[in-house]
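Okay, thanks for making time this morning. Let me put the model up, and then I'll walk you through a few spots I'd like you to look at.

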Amino acid sequence: MLTALRRVYVVPISIGPSHTQYYLQVDTGSSDLWVASTSCSSSACNSVGASKYDPSQSLPTGQYVTVTYAEGEASGPIVWDSVQIGGYSIDNQALIAATSVNAEPLSSRFAGVLGLALPLNSVIAQRIPPTTSDAPDGAALTSNLFGITPVSTAPGARFLSIALERPGSDKVSSTLGIGRHPTDVVPDPSKVQYSTIISEAPGALWWQANVRAITVYVNGQAKHVSLPTSSTGTHGQPSAILDTGVPLIIASPAITYGIYGAMGYSPASDGNVYIPCNQPLNMSITLDDRSEIPIHPLDLTYFPPDDPSAENCIGAIQTPQQIGLTLSQTDMILGVPFLRNTYTVLGFDTPGADGSFPPNTGAATSASQRIQPRLGLMSLTDPATAAAEFHQVRVLKQPISSSGSGSGSGSGTTGGGAVHAAGKKGLSVGIEVLIGLLGFFGLCFVLFGARLIYMKRRWKGQQRAAAGESPDGTLRDLKNGSYVLNELGYRPASRKSHSSAPSEDELRMKRYEEYKRRRDLESEYSDSAATRVEDEDDGRGGAADEFGALTAKMRDGADSPEESRFRDPWGDSTLVDARARGPDELALPPPTARRASYMPASHLSHHRTPSGGPSSATPLLSHTRSYSHPNPLDSEDIAEFGMPGVDADRDRPASMAGIGTSARSRRLGSAGSAAALHLPPSPLVSPADRGSRTSPTLIPSPLLSPDAARLPLPGSPRALEPVYSTAGSRNDSRVSVIGHEGS
């Protein structure tokens, strides 16, 4: 019967060095701590599942005990292990690693029992007597809890307090207080009424009080129950033990039938007393010299466990014979139905008149000497409110509060039965399903919208990336495009982009216009439409190019493999110097007019230099140079034309800037004599070609002095090779590379 009605209130505690958490029942009727261990294989332990206690890291004591309850028992070895509860730690707490548990409704949320009765009632302490030293002993948890050293880490006062929540009501929450009162339950501690407890011959064992009066109210009339004389209390009064581990109120037959008889009810053939579920049982109990404590009528009757919709409920006050018990130490056990109506204080010291306890000093030399137990009670139930709530639940079939009764036994029960199914008003199943479907589709819509927004932003980001912009709208470098300097205000253009970037022809025209502007500003020579001449064969298989240099021919008359790279990109004629020539200079044909239109060469091909610089999107530099070096051929300006200086570093890559511009060839022609000019081998001719050819001599150029024209050209069919010059210049800007891959 008790197992079927068991209403368990548990507290979480941590055990072992790994601080594994277990839920243990708060039991004020026993004094020992036990947990179902991994060695337990009984049916009750199997219900615990993975929440079993592993004692492999504990310290064994070599002792084995059995704890017997009103219904059920637990047995196993005693071990020492660390325990934490409510923020307090005990290093060597004696506990039972239960290997056998019977008649206990264990579960994953109920793995054992935490006994909070007086230490003298401990079974473990009888096997391993407590000591006053720090060595491990068999002291109960309450003794070790208040004896923690240093005292600053122990509870501030030596008392425990308990408040139990009524299923279906959230007015009072279940609370276990250690050393202090919960302010939401006890705003004024002075209202808690204390008295001493009844002691047995060896001392105090339980939280036990004298029963002074029991009053039943019928139709507003108070009826006092006649109490028998008893030897368990003081001065012949019956006694009662307060036990949170019992789901009923158990009383002797005289007291039990006296209560029901006051209302006109008698026991049925099965020993139970049946009362209509809509009929309240109003009564109160007075303990010692305290005020009477009213009991909520919802706690005094409960629905049959096998018929939660029955019209007749079972009375929660029962005799020991009904549940197979024998009471010898007391006349009543006030279990959960009574304790839900009180705030209970288990004091180990004597409180003051204001209800406060003295501070914990830890000065006692033994557990028995320092304990001065006091039992405090404060009523939590108002009779008028209780009557209204009973009518709401049992007659109107409505819950007390919005919290419902989903935590276990229902409102109006003292055991594990649920609230009557018809008593809960709510939405129909169809409406609940409809709401669920609407919520599901709403969630899908929100997720779809979020996905759509994400994809839209991603698409815009890809569009910006294709346009050469970063997500914040600023320009960035393109992997396959050109790279320009943002600080100069240029915009990068990708060769793969179909944007409005200038074409190759437009770039050449711009460079040509730049050349004409620089010619007018820089050249010391004059150049007009009358200075145009045709390329002329030198009689040795070559032709003079626009720089006055020799365009080499293959021995067999074929063009050099690289010859097309040095052709004039503006046509068949070039612009040369019109100075007066000496007798050793080549005779030139009469000049003809310069073509007015731009016509790119059909074989125009630019070659990317090894420098890896920017491509054709980089503009030509437009600054004016000033030359002051004594040897113009060593100046940096020669490198700007793709010409190597005398002292140039041959390992540096050559620039292709300005190839084919007459203004730059005119500046080369102003170089004067270069008697010691030795040009390095061309990187554009293979070593085989260099080895198979004779070294041609330099044909006198109209742009070079006679002395320079007679110099031999060492080892290369190419007159000039593009390199960087190390010579100084007033402007230190490096020439930009504008070559790109030819088609």
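So, valine 433: this one counts as partly exposed, because its relative accessibility is 46%, and the window for that label runs between 20% and 50%. Bear in mind that we're looking at a predicted model here. Where does valine 433 sit? In helix α10, which covers residues 429-466. And Val433 has company: together with Leu437, Phe440 and Phe441 it makes a nonpolar surface patch of about 410 Å².

Let's zoom out for a second. The protein chain exposes about 35300 Å², with 54% of that supplied by carbon and sulfur atoms. On the inside, 48% of the 743 residues count as buried. In terms of elements, you've got 15 helices and 28 strands in the chain. And if you take contacts between residues at least 6 apart in sequence, 72% of them join residues at least 24 apart.

Now, one sheet I want to show you. It's an open one with 3 strands, ordered β16-β20-β19, and the pairing is antiparallel. Which strands stand at the edges? That's β16, residues 274-276, and β19, residues 301-302. Each of those has a single partner strand, so one side of each is left without a neighbour in the sheet.

Look at the β19 side of it. β19 is joined to β20, residues 312-315, by 2 bridges, and the two run antiparallel. If you want one pair to click on, take threonine 301: its bridge partner in β20 is glycine 315.

Okay, that's my tour. Over to you.

Notes:
Residues are numbered from 1 along each chain as its sequence is written. This is a predicted model: local features need pLDDT of at least 70, side-chain atom pairs count only at pLDDT 80 or more; totals for chains, interfaces and linings use all residues. Side-chain values use heavy atoms; hydrogens and water are left out. Helices (H or I, at least four residues) and strands (E, at least two) are DSSP runs, numbered from the N terminus. Buried means under 20% relative accessible area, exposed over 50%, partly exposed in between (1.4 Å probe, protein chains only). Contact means heavy atoms within 4.5 Å. Accessible areas come from the Shrake-Rupley method with a 1.4 Å probe; for residues, only the protein chains shown count as cover. Patches are made of residues with over 30% relative accessible area and no salt bridge: like charges are joined within 9 Å, nonpolar side chains (Val, Leu, Ile, Met, Phe, Trp, Tyr) within 5 Å. A salt bridge is a side-chain nitrogen of Lys or Arg within 4 Å of a carboxyl oxygen of Asp or Glu. Two strands pair if DSSP finds at least two bridges between them.
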